[in-house]
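Biologist: I'm new to this one, so could you walk me through one part of it slowly? I'd like a close look at how two packed helices meet, and at what lies around them.

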Amino acid sequence: MKQEMEVPMNINPRTPILALAVIALMAFGLTGCGEEKQTETAQQGVTIETPWARTSPANQQNGAVYMKIESDSPDKLIKAEVESSIADHAELHETSMETDGGGMDDSMHGKMSMKKVPFIEAPAELKPGGFHIMLIGLKQPIKNGGEIELTLTFEKEGELRVTAVGRD
Amino acid sequence: MHRHVLRGRPARVLAIIAGTLAAALALAGGGVLGSGELKGMSAPDVGGGINIMLPAYGEGLEGQPKELRADYGKLLLLYFGYLSCPDVCPTTMSALAVAVRSLPAEERRSLEVAMVTGDPARDSGQDIVDYLKHFFNDLPVYGLRTADSEQLTRAEDAFGAASEIDPHKPGEAYTVSHTAFLYAVDHTGRVLLMWPFGSLSEDISSDLKVLLERQRQ
């Protein structure tokens, strides 16, 4: 900071070329800065919308977090971590309707089942009855308006911290 | 202009006719509501809860058998699930809770909620009661739990429900696959309506109004 302030003071009026060079450098530097920021924006192609978790009864052991994951380019959510004060750990899960109903009408007899998945392709909508982040071993109930800090890891994007809000 | 101005006796007669018509329309409207279009699914092939007993908890019961039907004049909202279920069960209970809360107190008084656990190893009867109270603090709630897997299967079969503990290593946390319908059961044990997973609380609410209206008739 101090050095930057000294730069204009060092400009000798008799050496306009140097001044121009400094200005050019500054301009270049600024442009460079701008480009760098743009690149960063491009890398931050993943955005998380409305992360939330359903409030839980006092004795419910597990919870679920939902959100919309927007992504400019295909990416994968490969890991979710939750603060240890909230739950033991978090896993990526998918709820689906079993379709091997053995000839029966599946809509009548299909069981809803849940399985751990290695990743969730982004963009994605995590919502009830589909993909979700399962909070395993809740240490405290999820309260309306309560905040749950999560660290999400994307294959390309890297780590993103999000705060999910509890709601009924 | 003159023809449209009503005075004296003809006006009164017209007013009476109009009033009668309005009343008739209102009655017809009420009738339509009573037999209104239901959003849930009818369940003609579902046997229902008559003669199906499970150990019950809540409302003074501590494991005594309870038939899977409503008290007289009431509607039992029955669900098969488990308490470690993070997604499907809380979503369904929450939708039902919102639907119930939207009803007037008078209609809420005609409702009871019960949940059968498909995970008796981890869920105690009282756990289920506490769980349900979170969603329905002003309704009678019952936790239904049996450790006898045949008894559980008989109860599930009677409603076309099913559950299965997912394969897991001993001591490892596990999930339970289960059908996720919510059943409206009357005092004879008959299933009046069933709502599939993902039903909207507005739809459940309007269906409950219709079912309760029909029950009063």
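Modeller: Let's start with a crossing: H2(B) and H6(B) cross in a right-handed way, meaning that the near helix is turned clockwise from the far one by less than a right angle (anticlockwise would be left-handed). Before going on, a word on the ground rules: this is a predicted model, where local features need pLDDT of at least 70, side-chain atom pairs count only at pLDDT 80 or more, and totals for chains, interfaces and linings use all residues. Residues are numbered from 1 along each chain as its sequence is written, chains are lettered from A and ligands numbered from 1 in the order in which they are written, and side-chain values use heavy atoms, with hydrogens and water left out.

Back to the pair. Helices here are DSSP runs of H or I with at least four residues, and strands are runs of E with at least two, numbered from the N terminus. Helix H6 of chain B covers residues 201-216, and its axis lies 8 Å from that of H2(B), at an angle of about 50°. Axes are lines fitted to C-alpha atoms, for helices over the stretch in contact, and angles run from 0 to 180 degrees between N-to-C directions. That angle is why H2(B) counts as oblique to H6(B): under 35 degrees would be roughly parallel, over 145 roughly antiparallel, 65 to 115 roughly perpendicular, and the rest is oblique.

Who does the touching? On the H2(B) side, the contact (heavy atoms within 4.5 Å) is made by Ala95(B), Leu96(B), Val98(B), Ala99(B) and Val100(B), and on the H6(B) side by Ser201(B), Ile204(B), Ser205(B) and Leu208(B). By class, that gives 7 nonpolar, 2 polar and no charged residues; Ala, Val, Leu, Ile, Met, Phe, Trp, Tyr, Cys and Pro count as nonpolar, Asp, Glu, Lys and Arg as charged, and the others, Gly among them, as polar.

Now look around the pair. The largest nonpolar core has 41 residues, and Leu208(B) is among those with the most contacts inside it, along with Leu111(B), Leu132(B), Phe136(B) and Trp195(B). Helix H2 of chain B, residues 88-101, gives the most to this core, with 8 residues. Such a core is a set of buried Ala, Val, Leu, Ile, Met, Phe, Trp, Tyr and Cys residues joined through side-chain atoms within 4.5 Å, buried being under 20% relative accessible area, exposed over 50% and partly exposed in between (1.4 Å probe, protein chains only).

Trp195(B) leads back to H6(B): not counting residues up to four places away in sequence, Trp195(B) touches Ile204(B) and Leu208(B), among others.
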